[in-house]
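Trainee: Could you take me through one part of this model in close detail? I would like to look at the paired strands and the salt bridges that go with them.

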Amino acid sequence: MNGKKIISRNRKAKFEYELLETFEAGIELKGSEIKSIRAGQVSLSEAYVRTNGKQAWLVGAHIAPYEHASAFNHEPERDRRLLLHKREIKALWDGVRLKGVTIVPTVLYLRNGLAKVEIALARGKRIYDKRQTLKKRDMERDIERTLESRRGRKGD
């Protein structure tokens with residue numbers, strides 16, 4: 001099983017931020033957390049990554065409590081340590097410190113049974129950039145609709 005199964009996407013990330021560089025990180029989890037992740041009960045919408053140059057932490061990610069865990073359940077929004085190489089943590093730290101960017105999680109997925117999170121160094125978009133993104137998306141939809149309607153006419 002070499003494929004990856006996407007569990008959760010942070011859809012707002014691409015709209016709110018300009019993604020500069022991405023990294024793959026493992027997540028340090030408690031026992032019931034992986035079961036909730038496999039059940040798809042995860043939200044990355046309010047999450048971000050915090051680092052101090054030595055370690056990185058996933059903050060604000062919501063992993064719902066596992067219903068069959070009884071007394072040994074986990075706290076849904078606890079900070080979770082990210083498993084990265086030292087050079088990756090240093091690159092993230094330098095980006096935050098020197099370039100003034102933030103670190104956002106974009107995708108949480110399972111690969112070979114292990115939970116991974118894709119994080120990205122990101123710079124916040126200005127309002128006019130967001131308008132440009134919306135305008136571009138609308139134009140692409142219109143073009144696609146036009147092409148679809150023309151394809152439909154040829155078949156008649």
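Mentor: Happy to! Let us begin with a term: two strands count as paired if DSSP finds at least two bridges between them. Keep in mind that this is a predicted model.

Start with strand β4, residues 48-51, and strand β5, residues 56-59: they run antiparallel and are joined by 4 bridges. To find your place in this pairing, look for R50, which stands opposite W57 in β5. The hairpin of β4 and β5 has 4 residues between the strands, and there G53 takes a positive phi near 95°.

Now stay on β5 and turn to its other partner. Strand β7, residues 80-83, runs antiparallel to β5, and 3 bridges join the two. Here A56 is a handy marker, as this residue stands opposite L82 in β7.

From β7 we can move on to the side chains. R81 forms a salt bridge with E28, and the closest N and O atoms are 2.9 Å apart. This pair links distant parts of the chain: R81 sits in strand β7, while E28 lies in the loop between β2 (17-27) and α2 (31-38), 53 residues apart. Are these two partners buried or exposed? Neither label fits, because buried means under 20% relative accessible area and exposed means over 50%. R81 has 26% relative accessibility and so counts as partly exposed, and E28, at 36%, is partly exposed too. Another group to click on is E33, R78 and R80, which are linked in a network of salt bridges.

A search of the whole structure finds 11 salt bridges, so let me set two from a helix beside the R81 pair. In the first example, the side chains of R141 and D138 meet at 3.7 Å, N to O. These residues are 3 apart in helix α4 (residues 127-154), so about one helical turn separates R141 from D138. R141 is partly exposed, with a relative accessible area of 44%, and D138 is partly exposed at 40%.

The other example is R145 with D142, a salt bridge whose closest N and O atoms are 3.2 Å apart. Being 3 residues apart in helix α4, R145 and D142 are likewise separated by about one helical turn. In this pair R145 is exposed, with a relative accessible area of 53%, whereas D142 is partly exposed at 42%.

To retrace the route, go from β4 to β5, then from β5 to β7, and finish at R81 and its salt bridge with E28.

Methods
Residues are numbered from 1 along each chain as its sequence is written. This is a predicted model: local features need pLDDT of at least 70, side-chain atom pairs count only at pLDDT 80 or more; totals for chains, interfaces and linings use all residues. Side-chain values use heavy atoms; hydrogens and water are left out. A salt bridge is a side-chain nitrogen of Lys or Arg within 4 Å of a carboxyl oxygen of Asp or Glu. Buried means under 20% relative accessible area, exposed over 50%, partly exposed in between (1.4 Å probe, protein chains only).
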